[in-house]
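Colleague: Please take a close look at the charged pairs on this chain, and set them against the rest of its surface. I should like one connected account.

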Amino acid sequence: MNRVYRYVPWKIELDPLALPVYRADCVTGEETDCGEMIRSGGPEWIEEWMRRHTQETGHTRYCRTVTEYVTLEPPPGCERRPAIGETTPTLLVLPSRPTSGGAG
């Protein structure tokens with residue numbers, strides 16, 4: 001049985017069902033970080049918290065992160081992937097790391 005594998009350029013899309021998570025940690029300190037942090041639903045809240053924390057403590061160094069949830073969407077014409085055990089003439093595969101080309 002012959003199988004054909006081809007590269008499929010999946011698109012990364014923001015997940016419409018999940019909002020991004022914003023977080024800021026105060027990392028001011030010489031031996032240990034301050035440890036204060038905030039998680040919020042929006043970047044404006046994070047920025048306002050950092051301003052207030054700086055006014056109250058004088059701390060000016062923060063680690064700000066944004067976590068986004070994404071989905072991988074196949075290109076048009078490849079609307080679904082084969083189920084396990086399903087035989088199809090063309091199998092969709094994700095790109096992998098380059099190999100040495102040796103026999104496996």
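Modeller: A residue counts as buried under 20% relative accessible area, as exposed over 50%, and as partly exposed in between. R52, at 40% relative accessibility, is therefore partly exposed. The model under discussion is a predicted one.

R52 is a suitable place to begin. Its side chain meets that of E48 in a salt bridge, with an N to O distance of 3.5 Å. Both residues belong to helix α1, which spans residues 43-57, and because they are four residues apart they are separated by about one helical turn. E48 is likewise partly exposed, at 36% relative accessibility.

This pair belongs to a set of four salt bridges found in a search of the whole structure. In general terms, side chains of opposite charge can pair when their charged atoms come close. Another of the bridges joins R23 to D25, where the closest N and O atoms are 2.8 Å apart. The two partners differ in accessibility class: R23 is partly exposed, with a relative accessible area of 31%, whereas D25 counts as buried at 18%.

A further bridge links K11 and E13, and here the closest N and O atoms are 3.3 Å apart. K11 has a relative accessible area of 46% and is partly exposed; E13, at 31%, also counts as partly exposed.

The numbering of this last pair leads to strand β2, which covers residues 11-14. I12 lies in that strand and is exposed, its relative accessible area being 62%. Together with L14, V70 and L72, I12 makes a nonpolar surface patch of about 400 Å². Two strands, β2 and β6 (70-73), each supply at least two residues of this patch.

The wider setting is as follows. The protein chain comprises one helix and seven strands, arranged from the N terminus on as β-β-β-β-α-β-β-β. Of its 104 residues, 19% are buried. The chain exposes about 8,700 Å², and carbon and sulfur atoms supply 52% of that area. Among contacts with a separation of 6 or more, 60% are between residues 24 or more positions apart.

To return to your request, the charged pairs described here include one within helix α1, E48 with R52, as well as the pair R23 and D25 and the pair K11 and E13.

How values were computed: Residues are numbered from 1 along each chain as its sequence is written. This is a predicted model: local features need pLDDT of at least 70, side-chain atom pairs count only at pLDDT 80 or more; totals for chains, interfaces and linings use all residues. Side-chain values use heavy atoms; hydrogens and water are left out. Patches are made of residues with over 30% relative accessible area and no salt bridge: like charges are joined within 9 Å, nonpolar side chains (Val, Leu, Ile, Met, Phe, Trp, Tyr) within 5 Å. Accessible areas come from the Shrake-Rupley method with a 1.4 Å probe; for residues, only the protein chains shown count as cover. Buried means under 20% relative accessible area, exposed over 50%, partly exposed in between (1.4 Å probe, protein chains only). Contact means heavy atoms within 4.5 Å.
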